[in-house]
Amino acid sequence: MERNGILSAGNFIIDAVKIIDGWPQQEALADIDNESYANGGGAYNLLIDLAKLQAGIPLYAAGLLGADAFGDRVLLDLQQHGIDIRQMHQTVDAATSYTDVMTVGHNGKRTFFHQRGANALLAAKHIDLKLQQPRIFYLAYLMLLNGLDTIDAAGRTGASYLLQEAQQAGCITATDLVSVSHPQCRQIVGASLPFTDVLFLNEYEGSQLTGVQTLQDEQINAKGFEEAATHLLQQGVQRWVVLHHPHAALAAGADGSRYWHASVNMPAEKIAGCVGAGDAFAAGILYGLHKNQPMPACLTWGVCAAAASLQHPTSSDGVMPLQACLQLGEQFGFRPLPF
């Protein structure tokens, strides 16, 4: 059977997105202007984004939820978007994971307060790579999945074994990271790199993993981006390191190719929030790879999907069918590359 579709595993989170009037000093008060509840977490966001892009390919979910109202909400949402939930499990041992996303209304900057909940108990036993025949296996987020991040005596993690199994089964493997300070980040992520075909990470994560300065005066350090990406390829990433920033992204190939793409020049009044933009970007890239698009086209799909997500404060409610996303690039153009 020919492989088809995307199996997305890892973090399934309820985001409580709260728009605040400003970030307060410690022990001070900020007003919450409005709030909403929506999908969160790399695995969950990617699937909803792909459904909203109208990708037209099988979408499979694999994760662990609490046996509670939030967990039931996630399952219903996935089903309503046409996503296969046979590998979604519920447990009485932990609550469904959630995140309070505090978003400053006038600039879209976000701060996250996260309850790891059931995601921390997710293990390889919950993910059956033989049940479906996906073309792409996506796992997110490394460093936010306690059960899969644990390092064994051989220096391997549960995530690394799972990705190796997926590769051996014939899947394209993709992983994404979370921007969290973790004392073992290089060991946790490093264990998975040789079994990762496509690695997504932002400028903070790139610097944290490699020690390379990816920003200079808060602007992209192009030399640093390329150096960090090259370092990660040398550590084992098989095909692409995709390093992104709100202004531009770099796709560095194991074959030596390097492609830059600027972000859509969205007007400030069109930006309601930045939460989920990185996941929408990954959704566009993986959709393109599934459709055998060349990487420059994949980058266009990614940055346009990310731009669409900015239109709403939640992760995915701003995402539209692919052609409508691409029209944002045509309408507003792309930023000049910041270097």
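**Exercise 1.** In this predicted model, find which residue forms a salt bridge with Glu165, and how far apart the closest N and O atoms are.

*Solution.* Start from the carboxyl group of Glu165 and look for a nitrogen partner: the salt bridge is with Lys130, and the closest N and O atoms are 3.7 Å apart. Next, place both residues on the chain. Glu165 sits in helix 4 (residues 158-168), while Lys130 belongs to the loop between strand 7 (110-115) and strand 8 (136-142). The pair thus links distant parts of the chain, 35 residues apart. Finally, check the surroundings: Glu165 is partly exposed at 32% relative accessible area, and Lys130 is exposed at 64%.

**Exercise 2.** Work out which parts of the chain the salt bridge between Asp197 and Arg239 ties together.

*Solution.* First confirm the contact: the two side chains meet at 3.7 Å, N to O. Asp197 lies in the loop between helix 5 (185-192) and strand 10 (198-202), and Arg239 in the loop between helix 7 (222-234) and strand 13 (240-245), so the bridge joins parts 42 residues apart in sequence. Now add accessibility: Asp197 is buried, with 6%, whereas Arg239 is partly exposed, with 41%.

**Exercise 3.** Decide whether Asp84 is buried or exposed, and do likewise for Arg86.

*Solution.* Begin with the pair itself: Asp84 and Arg86 form a salt bridge, with their closest N and O atoms 2.7 Å apart. Asp84 has 17% relative accessibility; the cut-off for buried is under 20%, so Asp84 counts as buried. Arg86 has 53%, and exposed means over 50%, so Arg86 counts as exposed.

**Exercise 4.** State how many salt bridges the structure holds.

*Solution.* The total is four, including Asp84 with Arg86.

Methods: Residues are numbered from 1 along each chain as its sequence is written. This is a predicted model: local features need pLDDT of at least 70, side-chain atom pairs count only at pLDDT 80 or more; totals for chains, interfaces and linings use all residues. Side-chain values use heavy atoms; hydrogens and water are left out. Buried means under 20% relative accessible area, exposed over 50%, partly exposed in between (1.4 Å probe, protein chains only). Helices (H or I, at least four residues) and strands (E, at least two) are DSSP runs, numbered from the N terminus.
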